[in-house]
Amino acid sequence: LPPQMWTDSVNQANKMALIAWAKETGVNLVQINGQRRYGGPPPGWVGSPPPPGTEVFIGKLPQDIYENVLIPLFQSVGKLYEFRLMMTFSGLNRGFAYARYSNRRGAREAITTFHNFEMRKGCTIVVCKSTEKRELSVDGLAASVSQQDVEVMLRQVTDGVLSVTLYASPCQKRSQLAVLKYSSHQTAAMAKKTLMEGNVRLGGMEMKVDWLKPDLKQKLQAFEEKPSSSRVHGGKSFGVPKQPPWSPEQHNALEHLNALCLQQYLGTPLFLTKCIQANSNGWLQFWCRVVIPGCPMPFNGFTWVWRDRPGKSGHEEAKVAMALQILQMLGES
């Protein structure tokens with residue numbers, strides 16, 4: 001059979017029952033990128049979306065049942081704001097769904113009522129609180145890629161991104177890792193699917209996309225707190241580091257970077273620095289941009305420096321910190 005005829009023939013009776021139910025009730029189901037959605041918001045909804053903690057995960061579903069069975073069932077314990085059923089290419093469901101209620105009480109009732117509920121003889125389902133993950137990690141970005149480059153790319157292919165933060169990759173030498181925060185679990189899940197299946201590249205390198213795992217998040221947070229942390233990253237400002245005095249090797253980072261660029265025929269690096277914050281303890285935070293003529297994109301980042309280090313201004317100290325970080329990203333220090 002041709003592919004379309006084959007998919008139409010799978011579970012045909014239940015598909016026809018779904019169509020008849022949707023026509024009778026006026027329920028509008030929209031399928032986008034492997035998931036079929038009701039609501040978000042539902043008809044007649046007024047106001048903001050429900051708060052976090054109102055979504056439940058539904059697992060171990062029989063693959064041949066649809067919204068004509070599931071929505072009335074889950075609607076029986078509380079008003080649904082949204083229901084999302086994950087779908088296969090054949091038109092069967094993928095065995096799991098998400099139900100978002102108008103309030104947390106509805107979500108609690110759904111878990112109490114339907115966890116281990118027997119959908120049919122010998123088939124019990126799992127219903128639990130949705131983790132509502134909203135952060136993705138994107139590893140393998142070129143060292144020359146800036147926060148703005150990532151944001152422009154994301155706006156073209158995804159929706160709902162709230163922030164982008166760049167780090168030196170803890171797993172890949174001479175690469176960056178981006179942490180992407182989205183407005184909801186749904187937008188994050190859609191972005192993950194798009195970025196993974198779209199073979200998206202940035203700076204000519206293949207990216208590895210995954211949910212931001214707790215151990216990686218902890219490692220990045222610990223890296224932020226290290227004394228020497230003046231990393232290249234974009235987005236928000238972090239706590240003031242307790243930076244030790246520069247060693248002679250670190251002081252030479254600027255000369256080392258200039259020499260490396262000369263050796264590689266990249267041209268002389270141009271540093272742009274701007275002091276954006278000063279605190280009462282004598283620390284200054286600088287925004288920095290380093291433009292290397294032979295690199296396709298500039299390096300951007302933030303760094304903290306001590307205000308009154310003898311012999312150097314804050315701007316000079318910021319240049320040294322950025323030069324050192326670029327050398328570390330390039331594997332040259």
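**Entry 1. Sheet**

I count two strands as paired if DSSP finds at least two bridges between them. The model I am reading is predicted. With that rule I looked up an open sheet of three strands, and its order is 15-16-17 with antiparallel pairing. Strand 15 (270–278) and strand 17 (299–306) are the edge strands, each pairing on one side only. I also noted the turn between neighbouring strands of this sheet, which is 25° on average with direction ignored.

Next I went to the pairing of strand 15 with strand 16 (residues 283–291). These two run antiparallel and are joined by eight bridges. As one position to check by eye, I took Phe271, whose bridge partner in strand 16 is Val290.

**Entry 2. Cysteines**

How many disulfides does a search of the whole structure find? I got zero. I still looked up two cysteines for burial. Cys123 has a relative accessible area of 19%, so I list Cys123 as buried, the cut-off being under 20%. Cys261 is buried too, with a relative accessible area of 2%.

**Entry 3. Lys15**

I looked for Lys15 and found this residue in helix 2 (residues 12–25). Is Lys15 buried or exposed? Lys15 is buried, because its relative accessible area of 17% falls under 20%. I then asked what the side chain of Lys15 reaches. The side chain reaches the backbone oxygen of Ser90, at 3.1 Å.

**Entry 4. Arg84**

Arg84 is in strand 4 (residues 80–87). I have Arg84 down as buried, with a relative accessible area of 1%. I left aside the neighbours within four places in sequence and listed the contacts of Arg84: Gln35, Arg36, Arg37, Glu55, Ala97, Tyr98, His185 and Gln186. With Gln35, one of these, the contact is polar and runs side chain to side chain at 3.2 Å.

Glu55 is also on that contact list, and I looked up this pair separately. The side chains of Glu55 and Arg84 meet in a salt bridge, 3.2 Å from N to O. Glu55 lies in strand 3 (residues 55–59) and Arg84 in strand 4, so the pair ties together parts that are 29 residues apart in sequence. Glu55 is buried as well, at a relative accessible area of 5%. I also noted a network of salt bridges that links Glu55, Glu82 and Arg84.

**Entry 5. Other salt bridges**

My count for the structure is seven salt bridges. Among them is the pair Glu67 and Arg36, whose side chains meet at 2.9 Å, N to O. Glu67 sits in helix 3 (residues 67–75) and Arg36 in strand 2 (residues 35–39), so this salt bridge ties together parts 31 residues apart in sequence. I checked both ends, and Glu67 and Arg36 are both buried.

I also looked up Lys217 and Glu135, whose side chains form a salt bridge at 2.9 Å, N to O. Which parts does this pair tie together? Lys217 lies in helix 7 (residues 214–225) and Glu135 in strand 9 (residues 135–142), so the parts tied together are 82 residues apart in sequence. Lys217 counts as partly exposed, because its relative accessibility of 32% lies between the 20% and 50% cut-offs.

Terms used. Residues numbered from 1 in each chain as written. Predicted model: local features only at pLDDT ≥ 70, side-chain atom pairs only at ≥ 80, totals over all residues. Heavy atoms only, no water. Disulfide = S-S within 2.5 Å. Buried < 20%, exposed > 50% of the residue type's maximum accessible area, 1.4 Å probe, protein only. Helix = DSSP H or I, 4+ residues; strand = E, 2+ residues; numbered from the N terminus. Polar contact = N/O pair within 3.5 Å; in protein donor to acceptor, adjacent residues only side chain to side chain. Contact = heavy atoms within 4.5 Å. Salt bridge = Lys/Arg side-chain N within 4 Å of Asp/Glu carboxyl O. Axes fitted to C-alpha atoms, helices over the stretch in contact; angles between N-to-C directions.
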